[in-house]
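Got the viewer open? Here is a walk through the model, one selection at a time.

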Protein chains: 2
Amino acid sequence: MVEMTGVLNPRGTWVADRCSIAKALDVVRTRSAFLILREAFYGTTRFADFAERADISEPVAAARLRELVEHGLLELGDYRAPGQRTRREYRLTRKGEELFPVLAALMQWGDRWENDGGRVELRHRDCGEPVEVALRCAAGHELGPSDLELARKPKA
Amino acid sequence: MVEMTGVLNPRGTWVADRCSIAKALDVVRTRSAFLILREAFYGTTRFADFAERADISEPVAAARLRELVEHGLLELGDYRAPGQRTRREYRLTRKGEELFPVLAALMQWGDRWENDGGRVELRHRDCGEPVEVALRCAAGHELGPSDLELARKPKA
């Protein structure tokens, strides 16, 4: 597993009270939040479509959308296509977009372990090749959890 | 955003009832499940340590550990170090280990958006370089969500 180094070793001596994983999960707390985000990445923008396509009730969809807007992952604005009336639409912000690797990693794991390979796949739009989520170090080595260590960051 | 292609275009015409993301989240449903897994990756093996280090109550830890064992992400066995008495320990299975990119992606996002850069980092144990979660296609291109399309998999 991940090796604890320096002041982080052994694990029993410190409290993970500023853990970024926990903080990320304070924002995206529930299955329904992840599914709302999935739909935003799939191009859904309108309230009723989120509820239907994520297969959740409208009250739950409303609560999740509100939280995701409050935390800055989605923004709600008025948009108007030429010749159409104005619509309220939810769109991903940069902060929301950067969560995509989490969803892609869940999809990759679900494909392999819970869904018989899965029925859809992510491909690179330009070259058509299938897409993978990988852990890599700055020197370009591709890694699994046993290749990793956890270290205190040097002070900036 | 991700472009829908082929029979998946437009999004409104199909139901995501076999979605691998949803199926993954049926297994790892809660913040506490992710935090238990974090601890397993950090080397925690004993019941009381999971509860304490993930900062969750013992009943919640017991429920999550049981679910993760039932779904095959952890296994519970008897282990004995030389000269010590036997202990019941939880260890990650291959299925559990392969969830690591999800946690690494949550950490990366949390570092950047919710934690002021974060205080710890994952490094490659051999070369010491920091580790990143990246989306890449089989041809080696590094990608963001806007470079992607979603396609029906060809039948095997």
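Start by selecting B:Glu3 and B:Glu149: B:Glu149, in β7(B), is the bridge partner of B:Glu3. Keep in mind while you click around that this is a predicted model. Now widen the selection to the two strands, β1(B) and β7(B) (residues 148-152), which pair in the parallel sense over 2 bridges.

Next, look across to the other chain. Pick A:His124, and you'll find B:Leu148 of β7(B) standing opposite. That pair belongs to a strand pairing between chains: β4(A) and β7(B) run antiparallel, with 5 bridges.

Show the three strands together. What order do they take in the sheet? Reading across, you get β4(A)-β7(B)-β1(B), an open sheet with mixed pairing. β4 (120-124) of chain A and β1 (3-4) of chain B are the edge strands, and each has a single partner, so one side of each is left without a neighbour in the sheet.

Time for a helix: select residues 100-113 of chain B, which is α6(B). Try a distance check on the end C-alpha atoms. They sit 20 Å apart, and 14 residues at 1.5 Å a residue should span 20 Å, so the two agree. Colour the helix by burial and 13 of its 14 residues come up as buried.

Stay on that helix and pick B:Leu103. Which residues does B:Leu103 touch, leaving aside neighbours within four places in sequence? The contacts are B:Phe34, B:Leu37, B:Arg38 and B:Phe41, plus A:Ile21 from the other chain.

B:Leu103 also has a role in the largest nonpolar core, which has 92 residues: A:Ile36, A:Leu103, A:Leu106, B:Ile36, B:Leu103 and B:Leu106 touch the most other members. Colour chain B by domain, and you'll see this core drawing at least three residues from each of domain 1 (1-11 + 99-156) and domain 2 (29-93).

Now select the whole interface: 76 residues of chain B are in contact with 75 residues of chain A. Elements of chain B that each supply at least two residues to its side include α1 (20-27), α2 (31-41), α5 (94-97) and β5 (131-137). The largest share of that side, 13 residues, comes from α6(B).

Last stop: superpose the chains. Chain B lands on chain A with an RMSD of 0.0 Å after a turn of 180 degrees and a shift of 0.0 Å along the axis. The two copies are thus related as by a two-fold rotation axis. As for the interface, 99% of the interface residues of chain B are interface residues in chain A too, so the copies meet through the same surface.

Methods: Residues numbered from 1 in each chain as written. Chains lettered and ligands numbered in written order. Predicted model: local features only at pLDDT ≥ 70, side-chain atom pairs only at ≥ 80, totals over all residues. Least-squares fit on C-alpha atoms with pLDDT ≥ 70 in both. Contact = placed C-beta atoms within 7 Å. Helix = DSSP H or I, 4+ residues; strand = E, 2+ residues; numbered from the N terminus. Expected span 1.5 Å × (residues − 1). Buried ≥ 20, exposed ≤ 12 C-beta atoms within 10 Å, placed from the backbone. Pairing = 2+ DSSP bridges. Core = buried A, V, L, I, M, F, W, Y, C linked by C-beta atoms within 7 Å. Domains from an automatic or database assignment.
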